[in-house]
Amino acid sequence: MKNPKKRYLIANWKMNPASTRDAEKLFNEIEEKLKSTKNTEIVICPPFLYIPRLKTLSSKITLGAQNSFWEKEGPYTGEISPLMLKNLGCLYVILGHSERRRYFKETEKIIEKKVNSALKEGLIPVICVGETNDERKKQETKKTLGKQLSAALKNLQFISSPSDLILAYEPRWAIGSGETPKPAEAGEIAKFIKKKVGEEHPVLYGGSVSSQNVSSYLREGFNGVLVGGASLESEEFTRITQIIEEE
Ligand code: PGA
């Protein structure tokens, strides 16, 4: 049965590619191959630097960022505010990604503040949650996710529609590893997240998504996917788009 609900395909380019020229090339390749989509919101989150240039290149692709700070402006060396992103024409911002939790020691409190300020500027936060391999082995996945979901739960009163706040289930061990959870296991987590945060909030799956496995996650009730590695190859990314549209 077709799910009439909106679907999301969010690309996280991470710290790639190395120049504006290469970013423009990849973006144009994707844009050229992209058929107009009816039910799928295609979002690309490039490094901050490339956003202004890419913004001028497509009306089919929405732009997002991979992080933002919690203040609007001020003495915060090296940071980018949600207000700046909004002014650049970004609509989405990925927050709480496991690489930020791991390498930049972002805590639940920090993520909660970032989500709050992003919402206040009218950005849609895509909040990432996910367990480590250790936690998974100890069967502590739901306990970990329960804690991580507090960033979302403490900010629910600031949104007017459920699609103003998106969750992404990204098991840490699946990111960039080629390993993925069994679709039914991930589906159980999608239900768990929806039960905690609210049935109507979009919940995405992320972690080694490819054209081979995307359908199985959609069939388990996910409203879309967050894609890292596969979003850097225009052919593969376009295949994923087509599958989401047809599923
Ligand atoms: P991956 O990354 O698709 O390369 O596993 C996903 C992510 O980190 O969001």
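Which elements each supply at least two residues of the lining of the largest cavity? I opened the notebook with this question and worked outward from the cavity. The model I consulted is a predicted one.

**Entry 1. The cavity**

I searched the whole structure and found one cavity of 30 Å³ or more. The volume of this largest cavity came out at about 40 Å³. To settle the opening question, I looked up the contributing elements: α4 and β5 (124-129) each give at least two residues to the lining. I then listed the lining residues, which are G96, S98, R101, C128, V129, G130, Q148, E170 and R172. Sorted by class, the lining of the largest cavity holds two nonpolar, four polar and three charged residues.

**Entry 2. The largest pocket**

I turned next to the open spaces. The largest pocket encloses about 580 Å³. I noted 21 lining residues, of which K14, M15, Q66, R100 and F104 are the closest to the pocket centre. Helix α4 (residues 98-103) provides the largest share of this lining, with three residues. I recorded the class composition of the lining as 11 nonpolar, six polar and four charged residues.

**Entry 3. The second largest pocket**

For the second largest pocket I obtained about 240 Å³ of space. I found the following residues in its lining: E131, R136, Q139, E140, T141, K142, Y169, W173, P181, E185, E188 and I189. Two helices, α7 (141-148) and α9 (183-197), each contribute at least two residues to this lining. I assigned the largest share, three residues, to α9. The class count for the second largest pocket is four nonpolar, two polar and six charged residues.

**Entry 4. Helix α7 and T144**

Having met α7 in the pocket lining, I examined the helix itself. I listed its buried residues as T141, T144, L145 and Q148. They line one face of the helix, because viewed down the axis of α7 they fall within an arc of 95°. On the face turned away from the buried side I found the exposed residues K143 and K147. Two of the buried residues also appear in the linings already recorded: T141 lines the second largest pocket, and Q148 lines the largest cavity.

I then singled out T144, which belongs to helix α7. Is T144 buried or exposed? I read a relative accessible area of 9% for T144, which is therefore buried, the cut-off being under 20%. Setting aside residues up to four places away in sequence, I found that T144 touches G130, E131 and E135. Of these partners, G130 is among the residues that line the largest cavity, and E131 is among those that line the second largest pocket.

**Entry 5. A152**

I looked up A152 next and placed it in helix α8 (residues 150-153). A152 is buried, and its relative accessible area is 0%. I noted contacts from A152 to I127, L165 and L167, leaving aside its neighbours within four places in sequence. I also took the separation of A152 and C128: 24 residues in sequence and 9.9 Å in space, C-alpha to C-alpha. C128 had already come up as one of the residues that line the largest cavity.

**Entry 6. Helix α1**

I checked the geometry of helix α1 (residues 20-33), which has 14 residues. From its first C-alpha to its last, α1 reaches 20 Å, close to the 20 Å expected at 1.5 Å a residue. Which residues of α1 are buried? I found A23, L26, F27, I30 and E31. These buried residues lie on the same side of α1, because they cover an arc of only 135° around the axis. The face turned away from them carries the exposed residues R21, K25 and E32. I looked up what covers the buried residues of α1; the cover includes β2 (40-45), α2 (51-55), β3 (62-65) and α11 (234-246).

**Entry 7. Helix α11**

I closed with α11, one of the elements that cover α1. I counted 13 residues in α11 and a reach of 18 Å from first C-alpha to last, close to the 18 Å expected at 1.5 Å a residue. Its buried residues are S234, E236, F237, T238, I240, T241, I244 and E245. What do the buried residues of α11 pack against? I recorded β1 (7-12), α1, β2, α10 (214-219) and β8 (224-227). The packing of α1 and α11 thus enters my notes from the side of α1 and from the side of α11.

Methods:
Residues numbered from 1 in each chain as written. Predicted model: local features only at pLDDT ≥ 70, side-chain atom pairs only at ≥ 80, totals over all residues. Heavy atoms only, no water. Helix = DSSP H or I, 4+ residues; strand = E, 2+ residues; numbered from the N terminus. Expected span 1.5 Å × (residues − 1). Buried < 20%, exposed > 50% of the residue type's maximum accessible area, 1.4 Å probe, protein only. Arc of directions from axis to C-beta. Contact = heavy atoms within 4.5 Å. 1 Å grid on protein atoms, 1.4 Å probe; cavity = no way out; pocket = protein on both sides within 12 Å on 5 of 7 lines; lining within 4 Å. Points joined across faces, edges and corners; volume = space filled by probe spheres on them. Nonpolar A, V, L, I, M, F, W, Y, C, P; charged D, E, K, R; others polar.
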